Structure formats: C-alpha cells, structure tokens
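Student: I would like to work through this structure with you, one question at a time. Could we begin with the terms and then go on to the details?

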Amino acid sequence: MTLAMEAVLARHAAWRGLAQTTAPGHDPALWSAPREDITLARVSQRLRFHHFEIDLAARELRDGGRLLQLSPKIFDCIAYLLDNRERAVGRDELMAAVWGRADTADSQLGQAMLKARRALGDSGEAQHTIRTVAGFGYRWIADVHEVEVAAEPPPPAQAAAPVPPAPEPDTGAAPAAVTRETRSGRRHWFAAAAVAAVAAVVLSSAFWAWRQPHPAPPPERVVAAAPASAPDTLVVLPARVDADEEFSWLRLGMMEFVAARLRAAGRTVAPSENVVSALRAGDAAQLPETIRAALKPRYLVVPHARRTDHGWTVGLELQDRDKAAREVTASGEDAIAAARAASERLLDVIGRLSPAAVAEAAALPSEELLSRIDAALLADDLDGARRLLQSAPPEQRAAPELRLRLAQVEAGAGRFDVAEADLRRLLAEVPPETDPVLRASIASSRGAMLVRLGRAAEAEAVLDSSMETLESRSEPALLGKSHMRRGVARALQGKADAAMADFAQARIALQLAGDALGLAQVELNEGALSGVRNHPGDALESFRRAERQFERFGISSELVTSMANQVVAHRVLLQPGQGLEVSQRSLALLGRLPSPDLEHLLKLRRAQALADNGRWSDAEMQLGELARGIDPAREAELAALTANERALLELARGRAAEAYALTEPTAEKLTAPEFDSARSEAWFLAIRALHAQERVAEAGALTRRYAAWAAPSGNTTFVIHARLAEAEQAAAERRYAEADRAYEDALRAANAQNVPADIADVAESWAGSLIARGELIRAAPVVGQIARYAEHDFGSALLQVRLYHALGQGEAWRSALDRARALAMERAIPPELVKPPAAVRIGNATVGVGN
C-alpha cells in the first residue's frame, strides 16, 4: 500500500512550509543538486531580519537559531533580493541572476518565489518580507541589520513585550460592584486536534467543548505493555538523484515507492510523512540521526539513483543498527523499474514476512505515475499532483487508486465536501472482496472527511466498516489511523469512554507501524479528551508530550494546538505564570502558520494568559486586534470567545455596560449545540454584568433562563455555574439562606470535579458574600479551600487579604497583602484593604485559614 492510499488529506494545511526541502540523503552532499552559485556584492556579511539570520557566504538561513533547509535556487532568490534590497528587482533580472537565463518559465519563478515566501513566513496575502511589484517583479521590504562575525546568536522569535512594573495597588479603588476577580473565562476547555495530519484532517478549531458530562472513569489502558516500536522497523530516506532537474520528483517519489514495496512484503516501514516532517524541521545533514532518535528504527534505507546512457542504476544502502552497512544495486530501462528490482534484492537480504502480499501490490496501475503523484503530495505540491492526474489517460484516471488521490488533492485544498462526495462514489464501486485494503483506505479517508464536515455519527459508521475490513489484515498504520478518526467522531458525539478506547487501540497499532507522528496525534487527542473529562493534570502532560514530538517534526498546526491547550490547562489549574510562559514560547510560530484560524487561536490564548497575569493593557490590545481580524461568519466560535474575554476585562475594570454589550449577542444568538460552551460563558458573564449595574430584576430573569437551559444539558460545569448564578441572585435579593444553600450545592459539585478554577469561582463568590455580611467564622473554611492556590493566583490571594483584614489579624493580613501585591500587576487592590485592620474580637473563637 502506498503512502497516498493511507491518506494525505491535510498536508496542504499542516506542511505548507515543506516546499523548501531539497534532495535528502544520508550525508551533506546529498542535499543539493549541482549548481552555479550566483555572485553577490556582500557575500561576507551576516544579516538579520525579523527573527531570521542569513549568512550569505556560508549559504545558511536560520530561523530563531534553527537551520532551514532550502534548495539552492530558493536560497539564491532570497539572497539576490536581499542583496538588492534598495530597489525593486524585475522578473527577467531575477531569472537571469538565479537560473543564468531570462527565458525561464514564469511558472518556475513563481513556484520558487512561493517557496521562498513560505520559508520566510510570508504568503501571497501577508507580504512582510518580499513584496510583489505588480507587472514588474519583487522588492525586499523587511528591515535588515548587519551582524558582526562575533555576534551572539539571534534572539528568540518574537519575544514578548517586557513586563511592566506592578502599579502601586493602593492608589486606585476597585469599583464597589466588582470585589473579586472574574475568572469564568478560564473554564473554556481544549481545542482538540481531531485527526492526525498524516492521517487525515485536523479539527484544531472545531472541538471547542467545555467539559462534557462527567462519565465513569475510562477503561484501564493496555498500552503500557506495547513496544515503543516494532523491533525491525525500517525507515526509507529521500533519494539522492544524479540526473537532470526534470527527474527531481524521484527524490521523494522513489522514497515512497521503495517504502511501499517493502511494506507490501510484510515489513514494518515508518510512514514517509515522518521522514519529510523531520527533514523540514531540522538540519538536513542530521536527518539520519534525527530519524534514529525519533523513530528508533532498526534499519535505515538510503536510495540513490543515477541515469546512464543505457537507462538507470538504483542503489539501496541498508544501514543496520546491529551490523555493518550493506548495499544492493539494480539497473533498468527507467528509474522505477530499477528501484523495483533493487527493492526485491533488498528483500532477499532482510527477508519477506508476507510473500503473498507482493502479488497484490504488483497490480498497481502505472507505478511511475503513482510515484510522481505521491512525490507531489509529499512535497505539498497540490497543483503538481492535480496536473499529473489530469494528464493521465482516461483509462488510468478511472482507476480507483488515482481517484483516491484526486480526492486527497481536493481535501488538501480545503474542498472537503467535494472530496467526501468523490470518496462516497468510489466506495460504492470497490467491493471488499475486490481489494479489501484499498476499500478500507477509501472508507477511512471518507470518515475523516465526514468528521471535518461535522457529520460525526455518519463518520463513525463509515469507520466501523473500514475496521471490519481490516480485521484479518496486517495493516497497523491504516488500522491505527482509522481508530483515531473513529475516536474523534465518538468524542464529538459525547461518547468519551468509547473514544478513549479507540485512542488506546490507535496507540498500539501506530506503535507497531512505527508512526511517531501518529502517536503524537494520539497524545494530543487523548489530552483533549482528558480535559473534557475534567482531568486537567493528565491533559497537560499529554499536551506537553505532544508538543515535544510535533516540535521535533516541525508540524506547526498541531504544535499550535498542543501549546494553546496547555495554556487552557494552566488556566484551569490556576497556574497563570506557567500559562504565560507557554504562550510566550508559542509566539515563535506567528507568521509561519498555515491558516488564519490557527493564528487567531494562538493570539487568543496569549491574550488570556496575559489577562491571567494582570497584564490587562497587553491583553486588551491583543484582543482588540483579534476582534478586528476575525471573520465572525467563518470563525463564529473564535469571535464569541474573543468577545467573552473582552467582556471579562471590561467587567474587571468596572465597565459593566460594555461587558454586557459584548456578551448579550452570544448568549441570545449562538443557540446551536456546537456553541454551547461559548454561550454558557457569555450567559454567566451577562448576568454578572447586570448585577454590577444593579439591574437585579433583569439579572433574575436571565438567571432563571440560564438555569433552565443548563439543568438538562448534563454538563456538570454548566450546572455548577448556573447554580452559582442562582446563589448570587438570591444574595442580591437578600435571600441569604437560599443563597447559602445554592452556594453549598455549587461548591459540593465543584469539589466533586476537583477542577481548581471551578472551586475558586464558587469559593470566592461565597466567601465574599459571607464576609460582606460579617459572617467571618463561616467564611473562614470557604477561604481555606483555595488557600493552596494563593501563592500563584491573584483572586485567591486577594480573598485571603479580605478575610484577614475583616478578622483584624494584622500579621496574617500583611503577609497576604504582600503576596497579592506581588501578583497584582494592573489589578487594583481596594484601598480599604490596604489600610491596617482594626482589632476584631469575635467571641472567644480563634479563626485560622492557613497561608
């Protein structure tokens, strides 16, 4: 089975930066084709722009210290424009300088510039470094600074603005209506990457659930006993090609062809996407070491192809971690025929585990055409893959294998509905008895499309059929991807137990397949599901492991999701400083992401982290930019979340009317089930905004609607906050006994979930009400429930200040005040709490709540 059969549906989104990759192999000489270097006026200089540094003499471009792998022509395009940055450069001039002639095809220059822009984080729309001069050529526009030879390494990409000094907390009074930090925005849960980028499609902005109903604990995982990888895993590296540029497709095409031949003989071969991603992420010369560290294979296969007067010679070097390297060679009239013969000889050396499978693989139509298409898909060249498909004879285009690839091209271009329709028709024409593995691959790909289109129940049924077909087949990679896709489909339907079981089975299968990227995607999905199940600590660890793996492979889409979800986990765990640190690291991804949705997600999490740390001005600036940049029709949920976060800040600053105006549209208009999380948050904030304006009757009416909506939802978090809203409404109407019963119910439910942010939400509100009523002895144990968070969380620290001040405990008050001041930043401490407390005696009672 070839790579494309196993689905390449999200490469266009996840690997947009891949195009700069050149011909890889196992030593530095394999990474670039022969060339005549262009002459530059300032070749001895090292220059810095944005977070890049370029050494023109050494022909190296680094991004934040990481060496980028560029083909010679791409590097030369960048270097020539940079060297002539004082003026616009015409297309003919650039072609003559880089290719040595001015009659180069426009499409060749266009492709080179597209790849150059991707390497620099630009696109056709966002031109921060190279600007198109309409009808003429190109102009370098980024600011450039010369670097001395002994200069320090470039600074990390996009360092955050320096943290301003904390304002004196006793110089401004907090509005009387807002006496506690509003923190309901912390509860918004994780965006789950729904299906692996190497497997199908990522739903990084589609699974915005708050926590679902709290089900029974998941079944015990059985993955602990599974091996880290299959013991004899092979990895095929990109080929070195000694031939004209027209055969450059062989670099990736031969890699995938050889991998497919070995896989068809029953050998475990890591998916080629793992190799290409590792190539994109690191130093090309270090690719073998990177692969060994990431995938731990037994064998590396390094192909090389040479064109001769009589045809082609292909060699396959086998690097065995337990033995000396060996090499087999074969010749043929064309490169694919030679690669086929060499693969057979290699199998004679390492052995065939499934000889019967070879006959099935031999039936593939036009192996060279399929290899060319697979190479284009691996290189993220959707247009090239489409041209190859369209140029095939009609009888070949009708073959199921080519129709599957066409659907993958449509999906890569974002036309998921078209891809799903094509796959549905194709599935009806390929019965299980004809080609069971191909049918399973088509079904699995269609399931991924249905998930992406929001049709989770249909996706589950289609994926069921895919796995039934695979039950008696040794196809761990496809089986693992199908389990993962079905797990996402189940999770989106609220079937948390079944989803977790699918993820566990996917993990085992992908381990056996040697698919490290697939395993990272499982980590990401399991983390999201742990978050949905109210296990934020477990979720955080999964997200950390996923981040490390995606960073190693340079997969930006899932890397954003891993880091964005970590920020949310830290918010829920009341760890604002750690959330800020993660968001700071994530800034290095800005300008390099494949879609605006991901950039918006990253910026939202950054703004939330800033707000959690009291950097309100920075957060407001970020949120204002987001509000202007988000398309509310296409990104309705992101728009609602941004509005909610802005409302939190408005409410905290005492601008309740503005907060209500931001939340009311979400609470009243986003009624579809997929918006329940954002709507619940907006509803709760709107109620608090009405109370802050003393519009008690209106708040009461809205509270009753909110509670009636939350009760049947089955979502414990919704119910907790609806009960909290009822408690605050009763307290506003001075029905204190009723308020305390509602507070007690809410706190009991929050403690049962054991999610720190929920516990703090209820405890701060109830304790604040009790202190305001003078019921200090009753308030003390409520404050004590969140004392353990006071070292890091401003709201918890401020509540301690309030209680100790009311109790007249001067020494404890002073210690708590120092702690709150250290955390405050732009958050004001009410001036009455800064004045030393008067001595207070409450009978003979001694009250202590800890520090």
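Tutor: Two strands pair if DSSP finds at least two bridges between them. Helices (H or I, at least four residues) and strands (E, at least two) are DSSP runs, numbered from the N terminus. This is a predicted model, in which local features need pLDDT of at least 70 and side-chain atom pairs count only at pLDDT 80 or more, while totals for chains, interfaces and linings use all residues. Residues are numbered from 1 along each chain as its sequence is written, and side-chain values use heavy atoms, with hydrogens and water left out.

Student: In which sense do β1 and strand β8 pair, and over how many bridges?

Tutor: Strand β8 covers residues 145-147, and within β8 the bridge partner of Arg46 is Val147. The pairing of β1 with β8 is antiparallel, over 3 bridges.

Student: Which residue in β2 stands opposite Arg46?

Tutor: Strand β1 (residues 46-49) is joined to strand β2 (residues 52-55) by 4 bridges, and the two run antiparallel. The hairpin of β1 and β2 has 2 residues between the strands, and His50 takes a positive phi near 45° there. Opposite Arg46, in β2, stands Asp55.

Student: What is the order of the open sheet of 5 strands, and which strands stand at its edges?

Tutor: The order is β4-β3-β2-β1-β8, with antiparallel pairing. Strand β3 (residues 60-63) pairs with β4 over 2 bridges in the antiparallel sense, and the bridge partner of Asp63 in β4 is Arg66. Because each edge strand has a single partner, one side of each is left without a neighbour in the sheet; these edge strands are β4 (66-67) and β8.

Student: By how many degrees are neighbouring strands turned against each other, on average, in the sheet β5-β7-β6?

Tutor: This is an open sheet of 3 strands with antiparallel pairing, and its edge strands, β5 (88-90) and β6 (130-133), each pair on one side only. The angle rests on axes, which are lines fitted to C-alpha atoms (for helices over the stretch in contact), and angles run from 0 to 180 degrees between N-to-C directions. With direction ignored, the average turn between neighbouring strands of this sheet is 30°.

Student: In β7, which residue is the bridge partner of Arg131?

Tutor: Strand β6 is joined to strand β7 (residues 137-140) by 4 bridges, in an antiparallel arrangement. The partner of Arg131 in β7 is Arg139.

Student: How many salt bridges does the structure hold?

Tutor: A salt bridge here is a side-chain nitrogen of Lys or Arg within 4 Å of a carboxyl oxygen of Asp or Glu. By that criterion, the number held by the structure is 53.

Student: Are Arg386 and Glu410 buried or exposed?

Tutor: Their side chains meet in a salt bridge of 3.1 Å, N to O, and the pair links distant parts of the chain, with Arg386 in helix α11 (residues 382-391) and Glu410 in helix α13 (residues 400-412), 24 residues apart. Buried means under 20% relative accessible area, exposed over 50%, and partly exposed in between (1.4 Å probe, protein chains only). Because Arg386 has a relative accessible area of 18% and Glu410 has a relative accessibility of 10%, each counts as buried.

Student: Which residues are linked in a network of salt bridges?

Tutor: One salt bridge to consider is that of Asp502 with Arg486, whose closest N and O atoms are 2.9 Å apart. That pair links distant parts of the chain, Asp502 lying in helix α18 (residues 496-513) and Arg486 in helix α17 (residues 476-492), 16 residues apart, and both residues are buried. The network consists of Glu460, Asp464, Arg486, Arg490, Lys495 and Asp502.

Student: Which element gives the largest share of the lining of the second largest cavity?

Tutor: On a 1 Å grid over the protein atoms alone, a cavity is a set of points where a 1.4 Å probe fits but cannot get out, and lining residues have an atom within 4 Å of a point; grid points are joined across faces, edges and corners, and a volume is the space filled by probe spheres set on the points. The structure holds 4 cavities of 30 Å³ or more, and the second largest has a volume of about 50 Å³. Its lining includes Val560, Met563 and Arg605. The largest share, 4 residues, comes from α21.

Key: 1 Å grid on protein atoms, 1.4 Å probe; cavity = no way out; pocket = protein on both sides within 12 Å on 5 of 7 lines; lining within 4 Å.
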